[in-house]
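This report introduces a protein model to a reader who has not met it before. Please keep the sequence and the structure in view while reading.

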Amino acid sequence: KPDVIVLDIRMPEGDGFAVLEHLKNTNSTTPVVILTNYKNDDYVTKCHTYGVKDYLIKHEMKMDRIVERVSACLA
């Protein structure tokens, strides 16, 4: 079982919302961080209804800040 899941919204073989739905249906307690280029308030709201811990915009953050925010979800 992973300690944290870093997930994008759009992927070649599906989308992050399908993964979030699966995690919800399996009662997963693994924290999820969305890391995407989609700056969309509706996406953020929808992700938070699934209990997503953080929503990060790739092009707005340097890698060390991303690592810091993902690591914070492990505490």
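On a 1 Å grid over the protein atoms alone, a pocket is an open set of points where a 1.4 Å probe fits, with protein on both sides within 12 Å along at least five of seven lines, whereas a cavity is a set from which the probe cannot get out; lining residues have an atom within 4 Å of a point. Grid points are joined across faces, edges and corners, and a volume is the space filled by probe spheres set on the points. The model is predicted: local features need pLDDT of at least 70 and side-chain atom pairs count only at pLDDT 80 or more, while totals for chains, interfaces and linings use all residues. Residues are numbered from 1 along each chain as its sequence is written, and side-chain values use heavy atoms, with hydrogens and water left out.

**The largest pocket**

The largest pocket holds about 180 Å³ of space. Its lining includes Leu20, Leu23 and Lys24, as well as Thr49, Tyr50 and Gly51. Helices (H or I, at least four residues) and strands (E, at least two) are DSSP runs, numbered from the N terminus. Helix 1 (residues 16-25) gives the largest share of this lining, three residues. By residue type, the lining divides into five nonpolar, five polar and two charged residues. In this division Ala, Val, Leu, Ile, Met, Phe, Trp, Tyr, Cys and Pro count as nonpolar, Asp, Glu, Lys and Arg as charged, and the others, Gly among them, as polar.

Lysine 24, one of the lining residues, is placed in helix 1. Buried means under 20% relative accessible area, exposed over 50%, and partly exposed in between (1.4 Å probe, protein chains only). Lysine 24 has 52% relative accessibility and so counts as exposed. The C-alpha atoms of lysine 24 and isoleucine 9 are 16 Å apart in space, with these positions 15 residues apart in sequence numbering.

**Strand 4 and its neighbours**

How many residues of strand 4 (residues 32-36) are buried? Five of the five are, so the strand is largely enclosed by the rest of the structure. Val32, Ile34 and Thr36 lie on one side and Val33 and Leu35 on the other, so that both faces are covered. Both faces of strand 5 are covered as well, with Asp54 and Leu56 buried on one side and Tyr55 and Ile57 on the other.

Two strands pair if DSSP finds at least two bridges between them. Strand 4 pairs in the parallel sense with strand 1 (residues 5-7) over three bridges, and leucine 7 stands opposite isoleucine 34. Strand 4 also runs parallel to strand 5 (residues 54-57), to which four bridges join it. Isoleucine 34 has tyrosine 55 as its bridge partner in strand 5, and valine 33 has aspartate 54.

Strand 4, helix 2 and strand 5 form a right-handed β-α-β unit. A crossover is right-handed if, with the strands pointing away from the viewer, the path from the first strand over the helix to the second runs clockwise.

**Polar contacts and the ends of helix 2**

A polar contact is a pair of N or O atoms within 3.5 Å; within protein, one must be able to donate a hydrogen and the other to accept it, and residues adjacent in sequence count only if both atoms are side-chain atoms. The table lists three such pairs.

| First partner | Second partner | Distance |
|---|---|---|
| Aspartate 8, side chain | Threonine 36, side chain | 2.8 Å |
| Aspartate 8, side chain | Lysine 58, side chain | 2.9 Å |
| Histidine 48, side chain | Valine 52, backbone oxygen | 3.3 Å |

Aspartate 8 sits in the loop between strand 1 and strand 2 (10-11) and is buried, with a relative accessible area of 17%. Threonine 36 belongs to strand 4 and, at 0% relative accessibility, counts as buried. Histidine 48 lies in helix 2 and is partly exposed, with a relative accessible area of 43%.

Asparagine 40 caps the N-terminal end of helix 2 (residues 41-49), with a side-chain oxygen 2.8 Å from the backbone nitrogen of aspartate 42. Just after helix 2, glycine 51 adopts a positive phi of about 85°.

Asparagine 27, in the loop between helix 1 and strand 4, has a positive phi of about 55° although it is not a glycine. Most residues other than glycine have a negative phi. Asparagine 27 is exposed, with a relative accessible area of 64%.
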